[in-house]
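Reader: Could you walk me through this model at the bench, one question at a time?

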Amino acid sequence: MPLPTETTPNGYVKRWWKEAVVYQVYPRSFYDSNGDGIGDLRGIIEKLDHIKGLGVDVIWLSPHFDSPNADNGYDIREYRKVGAEFGTMQDFDDLLTAIKAAGMRLIIDLVVNHTSDEHEWFVESRSSYNNPKRDYYIWSEHKPNDWPSIFGGPAWTQSPGGDWYLHLFDPKQPDLNWDNPEVRVEVYDIMRFWLDKGVDGFRMDVIPFISKDKTFPNLPEDLRAKPQYLYTTGPHVHDYLHEMNTEVLQQYDVMTVGEAFGVTLQDTPKFVDERRQELDMVFQFAAVEVDRGPDGRWKPWTLPQLKAVFTRQDKALDHHGWPTMFLSNHDNPRIVSRYGDDRPEWREKSAMLLATLILTMKGTPFIYQGDELGLTNRTFTHIDQFNDLWTKNAWQDEVENGPCSEADFFANQNKVSRDHARMPMPWTAQGGFTTGQAWFALNPNFTEINAESSQTIYRFYADLIALRHAEPALVYGDYSDLAPAHPHLFTYTRTLGDTTFLICLNFSVEITAFESGVESEPVLSNYASPFGPMRGWEARIYKV
Ligand code: NOJ
Ligand code: CA
């Protein structure tokens, strides 16, 4: 595809995916159309107006493939087959048609660092030393090093045959051997299969992990709690991404966003500098790590720390790279409980303030399902209430076999667990997700917090998205933090040519004096009369 060349006054090449707003659907929890308790593809079609009504441009669909669901679909058994619980290939084709008819695009999850251990490649690979698929995975006669799995426990498991295989995640997620050219050809074929159907790109699961250092050094002591910072530094990761780009991606007009879990800010440009032809964008993790300590557990955070992250991220890329803006996804707790204030009197205002932040920052914004309703975390009190294997492993490691008290365990998981985001969507005060038994309990607060009761937040998202679409300065404009040290006001500008927006966000319930220096009233605010001091969780966007 010949690349567009039109540039903005500050030097960015204009691309549709830089101007897009993305909405992530976690299909299992979105809407169940047939009463079996599991969200499905027909359910997304039935609720497409909800997504379309926001004005978003792109839907990112979390894995919809055939999977034994050890990790809720991030363990794929067959790449060209729709998971039976989600529907059929016909349902997928119908969903894609409906999305296009609604004027949107669809990107899907590409999970190719690992497969399921039930994938036929792995079944063959482990069956004998001389099986043609043996070298599709990473085997060793001895356990080569001390690498831990991201999910806890060792990253090596001994198969009944005696050899050890590598899995940087669960033992049911063996890592593919990308050094084998046949593996890469298989992956490129899978990508073409979906692109030829008309999907508009990929979110790439832990893609920086694909290349392994086959000398298998031990993990440095300082990376014990964050081995991902080693796993992203394999010797050929950039060769393989460049090859993928030239072999496949360049033939299509698509967008790619890599999950840069464990990539430092310093290394980010290597993945997204357009001159290198690898990925279009990555998810940078610093903002969602602001409340994690060196041991990976929850710690308190401050607004100046978060502001410093955004400034650092902004400076890490020049106009040859394009950032993303996200604070949530299926791996993170709910934004209102995390960065906002989920008490009933402040939930709505703080949800609207966070929407303002996400939709006025530089970088393609990603909204996670339910954030447009201001959904909150729940309080888990028993291990059986969780679904996520990561949390269950942590229970074993920390409580059953470790020194952590149950109270400490729940205090931490109630802040960090991925299950906060994975509870089914509450569509009505009756739940409204399924007519059957939901695969995972809804947040018990669904009677108060649901799609019907949260229309004010929903409409504010729609207004913000419309504003972003109308104002190139909110997409391409340069970013500048005006008061990095202020403890609860976040004030910044976005400037493109002679247009400047001033955004002021009060991250607290404190009424705080504020002089905008601008004569006109804000173009958008979450308060009816946005004048004078900033009130609790007030958000204002001024056009200067
Ligand atoms: C990142 C995904 O977002 C997460 O949900 C998954 O558990 C891991 N990658 C492993 O695939
Ligand atoms: Ca279903």
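Author: Happy to; what follows is a short set of questions and answers on this predicted model.

Reader: Which residues coordinate the calcium ion (ligand 2), and at what distances?
Author: Good place to start. The donors follow the spacing D-x1-N-x1-D-x1-I-x1-D along the chain. Asp32, Asn34, Asp36 and Asp40 each give a side-chain oxygen, while Ile38 gives its O atom. So the coordinating residues are Asp32, Asn34, Asp36, Ile38 and Asp40, at 2.2 to 2.4 Å.

Reader: Is Ile38 buried or exposed?
Author: Buried means under 20% relative accessible area. Ile38 has a relative accessible area of 19%, so this residue counts as buried.

Reader: And Asn34, is that one buried or exposed?
Author: Exposed means over 50% relative accessible area. Asn34 has a value of 53%, so the residue is exposed.

Reader: How many disulfides does the count give?
Author: A disulfide needs two cysteine sulfur atoms within 2.5 Å. Cys404 is buried at 15%, and Cys504 is buried at 0%. By the distance rule, the number of disulfides comes to zero.

Reader: Which helices do the buried residues of helix 14 pack against?
Author: Helix 14 spans residues 406-416, and its buried residues are Phe409, Phe410, Asn412, Gln413, Asn414 and Val416. These buried residues pack against helix 13 (389-400) and helix 15 (419-422).

Reader: Why is the pair of Phe65 and Trp194 classed as edge-to-face?
Author: The model has 43 aromatic pairs by the rule used. For Phe65 and Trp194, the ring centres are 5.6 Å apart and the planes stand at 80 degrees. Planes over 60 degrees apart count as edge-to-face, so this pair is edge-to-face.

Reader: How many residues apart are Phe65 and Trp194 along the chain?
Author: Phe65 is buried at 3%, and Trp194 is buried at 1%. Phe65 belongs to strand 3 (residues 65-66) and Trp194 to helix 6 (residues 181-197), so the pair links distant parts of the chain, 129 residues apart.

Reader: What kind of aromatic pair do Phe490 and Phe507 form?
Author: Phe490 is buried at 0%, and Phe507 is buried at 9%. Their rings are 6.3 Å apart centre to centre, with 50 degrees between the planes, and the pair is tilted.

Reader: Which ring does the charged end of Lys349 sit over?
Author: Two charge-over-ring cases are worth a look. Arg80 lies over the face of Phe193, at 5.7 Å from the ring centre. The charged end of Lys349 is 4.2 Å from the centre of its ring, that of Tyr527.

Key. Residues numbered from 1 in each chain as written. Chains lettered and ligands numbered in written order. Predicted model: local features only at pLDDT ≥ 70, side-chain atom pairs only at ≥ 80, totals over all residues. Heavy atoms only, no water. Donors = N, O, S within 2.8 Å, 3.2 Å for Na, K, Ca; no water. Buried < 20%, exposed > 50% of the residue type's maximum accessible area, 1.4 Å probe, protein only. Helix = DSSP H or I, 4+ residues; strand = E, 2+ residues; numbered from the N terminus. Contact = heavy atoms within 4.5 Å. Phe/Tyr/Trp six-rings, centres within 6.5 Å; stacked < 30°, edge-to-face > 60°. Lys NZ or Arg CZ within 6 Å of the ring centre and 35° of its normal.
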